[in-house]
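Please look at the sequence and the model together, and follow the report below from the inside of the protein outwards to its charged side chains and its loops.

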Amino acid sequence: MALMIKFKGLGLYLAATLFTTPTLISAQGAAEPWEQGCMIQGLDPNGDGFLSIRQGPGTQHREIARVRNDDALFLDRRNCQGNWCLAEGGAINNQASNTTGWFHTGWCMFYP
């Protein structure tokens with residue numbers, strides 16, 4: 001699991017694999033109630049093993065990135081449509097990412 005730190009107003013993200021429990025921390029205190037993180041879990045490594053990030057909320061939209069188990073995405077719950085949410089940064093393959101796109105939340109372990 002990873003520690004996720006989001007520095008508000010600076011647009012910076014830091015990911016480190018230091019702790020076993022995922023946490024979202026803001027430089028200005030606790031995260032806003034609508035801010036969440038999503039740790040990708042449950043993708044079949046013997047299948048395609050990835051979750052598509054898309055330009056819009058739905059499979060009809062073009063794929064722009066892929067995430068895998070243990071990758072993390074940051075989201076604002078106010079930017080969700082059904083089971084689709086807009087990712088605004090995260091940690092992909094243990095690297096900070098500024099990926100912005102829509103993903104299906106069926107493989108998310110949400111944390112505050």
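In this predicted model, the largest nonpolar core has 14 residues, and those with the most contacts inside it are C38, I40, L51, I53, V67, L73 and F103. Two or more residues are given to this core by each of the elements β4 (35-40), β5, β6, β7 and β8, and the largest share, three residues, comes from β8. As a general background, nonpolar side chains tend to be buried together in soluble globular proteins.

One of the core residues, L51, shows how parts of the chain that are separated in sequence come together. Leaving aside neighbours within four places in sequence, L51 is in contact with I40, L43, A65, R66, V67, F103, H104 and W107. Among these partners of L51 are I40, V67 and F103, which are also listed with the most contacts inside the core.

Is L86, a residue of strand β8, buried or exposed? L86 counts as buried because its relative accessibility is 15%, and buried means under 20%. When residues up to four places away in sequence are not counted, L86 touches F74, L75, D76, N79, T100, G101, W102 and F103. One of these partners, L75, is eleven residues from L86 in sequence, and the two lie 6.1 Å apart in space, C-alpha to C-alpha.

The wider plan of the protein can now be set beside these details. The protein has zero helices and ten strands, so that from the N terminus on every element in the run β-β-β-β-β-β-β-β-β-β is a strand. Buried residues make up 43% of the 112 residues, and, among contacts between residues at least 6 apart in sequence, 47% join residues at least 24 apart.

How many salt bridges does the model contain? The count comes to two, and the table gives the partners with their accessibilities.

| Salt bridge | Closest N and O atoms | First residue | Second residue |
|---|---|---|---|
| E63 and R66 | 3.0 Å | E63: 27%, partly exposed | R66: 41%, partly exposed |
| R78 and D76 | 2.7 Å | R78: 55%, exposed | D76: 11%, buried |

In the pair formed by R78 and D76, R78 counts as exposed because its relative accessibility is 55%, whereas D76 counts as buried because its value is 11%. D76 is also among the residues that L86 touches, while R66, the partner of E63, is among the contacts of L51.

R66 has a further role in the picture, since it lies over the face of F50, at 3.7 Å from the ring centre. In a second arrangement of this kind, the charged end of R77 sits over the ring of F110, 4.7 Å from its centre. Pairs of aromatic rings, by contrast, come to a count of zero.

The loop between β6 and β7 holds R68, which counts as partly exposed because its relative accessibility is 40%. R68 touches I40, L43, D48, G49 and F50, not counting residues up to four places away in sequence. R68 and P45 are 23 residues apart in sequence and 8.8 Å apart in space, C-alpha to C-alpha.

Which residues other than glycine have a positive phi? One of them is D70, with phi near 75 degrees, and its place is in the loop between β6 (63-67) and β7 (72-81). D70 is partly exposed because its relative accessible area is 47%. Another is N94, with a positive phi of about 60 degrees, placed in the loop between β8 (84-92) and β9 (95-104). N94 counts as exposed because its relative accessibility is 55%.

Finally, the confidence of the prediction should be kept in mind. The protein averages a pLDDT of 78, and 72% of the residues score at least 70. Among the elements, strand β5 (residues 51-54) has the highest mean pLDDT, 97, and strand β2 (residues 12-16) the lowest, 37. Over residues 1-29 the pLDDT stays under 50, although the model has 68 contacts beyond four places in sequence for this stretch. Where pLDDT is low, the predicted coordinates should not be read in detail.

How values were computed. Residues are numbered from 1 along each chain as its sequence is written. This is a predicted model: local features need pLDDT of at least 70, side-chain atom pairs count only at pLDDT 80 or more; totals for chains, interfaces and linings use all residues. Side-chain values use heavy atoms; hydrogens and water are left out. A salt bridge is a side-chain nitrogen of Lys or Arg within 4 Å of a carboxyl oxygen of Asp or Glu. Buried means under 20% relative accessible area, exposed over 50%, partly exposed in between (1.4 Å probe, protein chains only). Helices (H or I, at least four residues) and strands (E, at least two) are DSSP runs, numbered from the N terminus. pLDDT is the predictor's confidence in each residue, from 0 to 100. Contact means heavy atoms within 4.5 Å. A nonpolar core is a set of buried Ala, Val, Leu, Ile, Met, Phe, Trp, Tyr and Cys residues joined through side-chain atoms within 4.5 Å. Rings of Phe, Tyr and Trp (its six-membered ring) pair if their centres lie within 6.5 Å; planes under 30 degrees apart count as stacked, over 60 as edge-to-face and the rest as tilted. A charge sits over a ring if NZ of Lys or CZ of Arg is within 6 Å of the ring centre and within 35 degrees of the ring normal.
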